Amino acid sequence: MAFNIDIYKNVSKEKKYEYFLRDLEEYLSKEKDSLANLCNTASFISAFFDNLNWSGFYLSKGKELVLGPFCGLPATSRIEIGKGVCGTAFEKKEILIVDNVCEFPGHITCDVRSKSEVVIPLINGEEIYGVLDIDSSIYSRFSKEDVIVLEKALEITYKYIDYKEIIGK
């Protein structure tokens with residue numbers, strides 16, 4: 001299936017997000033492999049959201065988060081639970097929007113261009129199995145509207161992945 005992001009460049013942000021969710025569902029529904037679907041989710045986010053320099057997943061492995069599928073420059077491979085934005089969001093089981101990563105205590109720098117970040121925990125019932133991490137080179141890049149759309153994207157993604165397969169349980 002070929003993809004052309006250019007057809008969405010002259011539409012409103014709201015329409016672009018609508019197409020993002022529609023197209024994500026269409027792509028993921030045709031694939032049964034969980035890893036492939038996480039890869040495409042990271043890629044869709046990178047393609048549809050403006051001003052991002054990294055989007056991807058960290059997955060729970062024991063007492064740390066391990067780098068999963070992503071789009072962007074090389075990243076930290078392992079993050080302790082409770083450390084950095086990702087480890088903190090995982091530990092607290094809450095979404096973190098960081099307008100200026102330099103002001104976040106213990107921020108873990110992967111790409112020096114990153115100025116802001118949003119991290120959304122991956123939760124299945126009561127079990128947390130990772131985080132979605134997205135960085136931007138613009139301060140205060142992430143809005144509540146962005147988070148709502150990203151949460152909807154994760155709801156779609158959850159339908160097409162087996163979280164136990166992802167974390168090796």
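Rings of Phe, Tyr and Trp (its six-membered ring) pair if their centres lie within 6.5 Å; planes under 30 degrees apart count as stacked, over 60 as edge-to-face and the rest as tilted. Keep in mind that this is a predicted model, where local features need pLDDT of at least 70 and side-chain atom pairs count only at pLDDT 80 or more, while totals for chains, interfaces and linings use all residues. Residues are numbered from 1 along each chain as its sequence is written, and side-chain values use heavy atoms, with hydrogens and water left out.

**Exercise 1. Find the aromatic cluster, then classify the pair of tyrosine 129 and tyrosine 163.**

Step 1. One aromatic cluster is made up of Tyr8, Tyr17, Tyr19, Phe20, Tyr27, Phe44, Phe48 and Phe49.

Step 2. There are eleven aromatic pairs in the structure. In the one formed by tyrosine 129 and tyrosine 163, the centres sit 5.2 Å apart with 35 degrees between the planes, and that makes it tilted.

Step 3. Now place the two rings: tyrosine 129 belongs to strand 6 (residues 127-136) and tyrosine 163 to helix 5 (residues 163-167), so to speak 34 residues apart, and the pair links distant parts of the chain. Helices (H or I, at least four residues) and strands (E, at least two) are DSSP runs, numbered from the N terminus.

Step 4. Tyrosine 129 and tyrosine 163 are both buried. Buried means under 20% relative accessible area, exposed over 50%, and partly exposed in between (1.4 Å probe, protein chains only).

**Exercise 2. Work out which strands pair with strand 1.**

Step 1. Two strands pair if DSSP finds at least two bridges between them. Strand 1 pairs with strand 2 (residues 64-72) in the antiparallel sense, over seven bridges. Glycine 56 has phenylalanine 70 of strand 2 opposite it.

Step 2. The hairpin of these strands has two residues between them, and glycine 62 takes a positive phi near 70 degrees there.

Step 3. Strand 6 is also an antiparallel partner of strand 1, over six bridges; here serine 55 has isoleucine 134 as its bridge partner.

Step 4. Because seven of the eight residues of strand 1 (residues 54-61) are buried, the strand is largely enclosed by the rest of the structure.

**Exercise 3. Describe the largest nonpolar core and one residue in it.**

Step 1. A nonpolar core is a set of buried Ala, Val, Leu, Ile, Met, Phe, Trp, Tyr and Cys residues joined through side-chain atoms within 4.5 Å. The largest has 33 residues, and Phe20, Phe49, Phe57, Leu132 and Leu150 have the most contacts inside it.

Step 2. Helix 1, helix 2, strand 1, strand 5, strand 6, helix 4 and helix 5 each give it two or more residues. Apart from this core lies another, of 16 residues, including Leu65, Val85, Val98 and Val131.

Step 3. Contact means heavy atoms within 4.5 Å. Leaving out residues up to four places away in sequence, leucine 132 touches Ile45, Gly56, Phe57, Val118, Val119, Ile120, Leu122, Leu150 and Leu154.

**Exercise 4. Is cysteine 86 buried or exposed, and where does threonine 88 lie?**

Step 1. Cysteine 86 has 4% relative accessibility, so it counts as buried. Cysteine 102, at 65%, counts as exposed.

Step 2. Threonine 88 lies in helix 3 (residues 84-92). Its relative accessibility is 12%, so threonine 88 counts as buried.

Step 3. Not counting residues up to four places away in sequence, threonine 88 touches Gly82, Lys83, Leu96 and Phe104.
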